[in-house]
Amino acid sequence: MTTAQERFAEQELPYNVFSKACPSRGTLEHLTGRWGALTLGALYEGSFRFNELRRRVDGVSEKMLSQTLHALERDGLVHREAQPTNPPRVDYELTPLGREVTERLMSLIQFVEGRMDDVLAARERYDSARAPR
């Protein structure tokens with residue numbers, strides 16, 4: 001009898017995130033990294049200018065937000081709209097693909113937020129069990 005992992009490995013998928021050479025791994029990192037997930041979650045609420053987005057994603061530096069937006073734009077998840085005004089106005093919003101991905105991400109975010117009492121209790125038990133006596 002084969003294990004679930006062996007059955008999964010036998011599937012001939014065009015992309016396999018578990019393979020280090022697969023390009024899907026980079027996209028997964030962009031989605032699930034701290035700043036990627038928070039940026040996508042913020043953009044789920046609507047279009048934002050850069051500084052509005054930076055204020056919404058509390059704690060992100062200008063450099064990290066810029067890098068994150070570039071990566072998400074390159075992956076086709078975020079659309080950057082530059083308006084030819086003085087000063088220039090740049091808005092960011094989710095693409096249809098980005099919206100679809102973020103809907104799934106928002107389910108995870110809402111699940112985590114809804115279960116934080118359980119997580120905090122587990123942390124307390126863990127820390128108490130390992131505290132010096």
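Two rings of Phe, Tyr or Trp count as a pair if their centres lie within 6.5 Å. Keep that handy; this is a predicted model.

**Exercise 1.** Work out how many aromatic pairs the structure holds, then find what sits over the ring of Tyr126.

*Solution.* Start with the ring pairs: the structure holds zero of them. Now turn to Tyr126: the charged end of Arg130 sits over its ring, 3.9 Å from the centre.

**Exercise 2.** Give the strand order of the sheet and explain which strands are at its edges.

*Solution.* First, the order: three strands make an open sheet, E1-E3-E2, with antiparallel pairing. Next, the edges: E1 (48-49) and E2 (78-83) each have a single partner strand, so one side of each has no neighbour in the sheet. Then look at how E1 meets E3 (residues 89-94): two bridges join them, and Arg49 has Asp91 as its bridge partner in E3. Finally, add helix H3 (residues 34-43), which packs on the sheet and touches E1, E2 and E3. Its direction makes about 95 degrees with that of E3.

**Exercise 3.** Count the salt bridges, then set the Arg56 pair beside the Glu100 pair.

*Solution.* The count comes to five. One of them joins Arg56 to Glu45, with the closest N and O atoms 2.5 Å apart. That pair links distant parts of the chain: Arg56 is in helix H4 (residues 50-56) and Glu45 in the loop between H3 and E1, 11 residues apart. Glu100 bridges to Arg104, at 3.6 Å between the closest N and O atoms. Both lie in helix H6 (residues 96-114), four residues apart, about one turn of the helix. Last step, accessibility: Arg104 has 57%, so it counts as exposed, while Glu100, at 42%, is partly exposed.

Terms used: Residues are numbered from 1 along each chain as its sequence is written. This is a predicted model: local features need pLDDT of at least 70, side-chain atom pairs count only at pLDDT 80 or more; totals for chains, interfaces and linings use all residues. Side-chain values use heavy atoms; hydrogens and water are left out. Rings of Phe, Tyr and Trp (its six-membered ring) pair if their centres lie within 6.5 Å; planes under 30 degrees apart count as stacked, over 60 as edge-to-face and the rest as tilted. A charge sits over a ring if NZ of Lys or CZ of Arg is within 6 Å of the ring centre and within 35 degrees of the ring normal. Two strands pair if DSSP finds at least two bridges between them. Contact means heavy atoms within 4.5 Å. Axes are lines fitted to C-alpha atoms, for helices over the stretch in contact, and angles run from 0 to 180 degrees between N-to-C directions. A salt bridge is a side-chain nitrogen of Lys or Arg within 4 Å of a carboxyl oxygen of Asp or Glu. Buried means under 20% relative accessible area, exposed over 50%, partly exposed in between (1.4 Å probe, protein chains only).
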